[in-house]
Amino acid sequence: MTNTKFIVGDVVEVANTEINRKSLTFKARIYHHLTVEKVTALGSVRFRELRGTWGAERFNLVRRASEPANTDEVKIGRYIIALCRNGTLMPAAEPREYNSDVQAHRVAEQMAKKHGGTFVVLKGIGEYVMPEEVKPTYRAL
């Protein structure tokens, strides 16, 4: 389904064209789907996952913003990738965070091919914050 006019919230994929294979950044090619964040007056689009603006002709529409998402397709959440060496998980000091399982799995697969070894995708399932410590006040009697 090809369409050059997108609206905010549309989900698109990189079109498989010669110009994209040569000039689109590596980062743009590893994403399975991109979400339109802004459409400029000149017809260029900006995505949540990428920096800069891109020509709309480089992308194919996957799903309109108003259509419900296929939950089997992409699982949204907070994912990081860690190296697994001798059974020990070794995430980076400041690991890059990914927004979907598809995205994280693709990057982990590419890292394993490039660097060798085992890379594990970890999903954050909870977030806990320590409450502020209450300092007692003392007063003279």
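**Salt bridges, sheet and cores in a predicted model**

Lysine 113 has a relative accessibility of 66%, so it counts as exposed, the cut-off being over 50%. That value, like everything else here, comes from a predicted model. The side chain of lysine 113 meets that of glutamate 109 in a salt bridge, with 3.4 Å from N to O. Why do these two fit together along the helix? Glutamate 109 and lysine 113 sit 4 residues apart in helix α3 (residues 101-115), which means they are separated by about one helical turn. Glutamate 109 is partly exposed, because its relative accessibility is 45%.

How many salt bridges turn up in a search of the whole structure? The answer is 2. Besides the pair in the helix, there is one between arginine 78 and glutamate 97, whose closest N and O atoms lie 3.0 Å apart. This pair ties together distant parts of the chain, 19 residues apart: arginine 78 belongs to strand β6 (residues 76-85), while glutamate 97 is in the loop between β7 (88-91) and β8 (98-100). As for exposure, arginine 78 comes out as partly exposed at 45% relative accessibility, and glutamate 97 is partly exposed too, with a relative accessible area of 42%.

Now for the overall layout. The chain contains 3 helices and 9 strands, and reading along the sequence gives the pattern β-α-α-β-β-β-β-β-β-β-α-β. Of its 141 residues, 28% count as buried. The chain exposes about 10600 Å², and carbon and sulfur atoms supply 52% of that area. Long-range contacts show up as well: among contacts between residues at least 6 apart in sequence, 57% join residues at least 24 apart.

Next comes the sheet. An open sheet is built from 5 strands in the order β4-β3-β2-β1-β5, with antiparallel pairing. Its edge strands, each pairing on one side only, are β4 (53-55) and β5. From one strand to the next, the twist averages 55°. In general, strands of a sheet pair through backbone hydrogen bonds, either parallel or antiparallel.

Strand β1 (residues 11-14) is a handy place to look at the pairing in detail. On the β2 side, 2 bridges join β1 to β2 (residues 34-39), and the two strands run antiparallel. Here valine 12 stands opposite leucine 34. With β5 (residues 59-63), β1 shares 4 bridges, again in an antiparallel arrangement. Valine 11 has arginine 63 of β5 as its bridge partner, and glutamate 13 stands opposite asparagine 60.

Both members of the pair valine 12 and leucine 34 reappear in the largest nonpolar core. Which residues make up this core? There are 11 of them: Phe6, Val12, Leu34, Val36, Val45, Phe47, Leu50, Trp54, Ala56, Phe59 and Leu61. At least two residues of the core come from each of β2, β3 (44-47) and β5. Leucine 34 gives a close-up of the contacts: leaving aside residues up to four places away in sequence, leucine 34 touches Asp10, Val11, Val12, Val14, Phe47, Glu49, Leu50 and Phe59. Another core, of 8 residues, lies apart from the largest one and includes Tyr98, Val107, Ala108 and Phe119. Such grouping has a general background: in soluble globular proteins, nonpolar side chains tend to be buried together.

Methods
Residues numbered from 1 in each chain as written. Predicted model: local features only at pLDDT ≥ 70, side-chain atom pairs only at ≥ 80, totals over all residues. Heavy atoms only, no water. Pairing = 2+ DSSP bridges. Axes fitted to C-alpha atoms, helices over the stretch in contact; angles between N-to-C directions. Buried < 20%, exposed > 50% of the residue type's maximum accessible area, 1.4 Å probe, protein only. Contact = heavy atoms within 4.5 Å. Areas by Shrake-Rupley, 256 points an atom, 1.4 Å probe, with all protein chains shown as cover. Salt bridge = Lys/Arg side-chain N within 4 Å of Asp/Glu carboxyl O. Core = buried A, V, L, I, M, F, W, Y, C linked by side-chain atoms within 4.5 Å.
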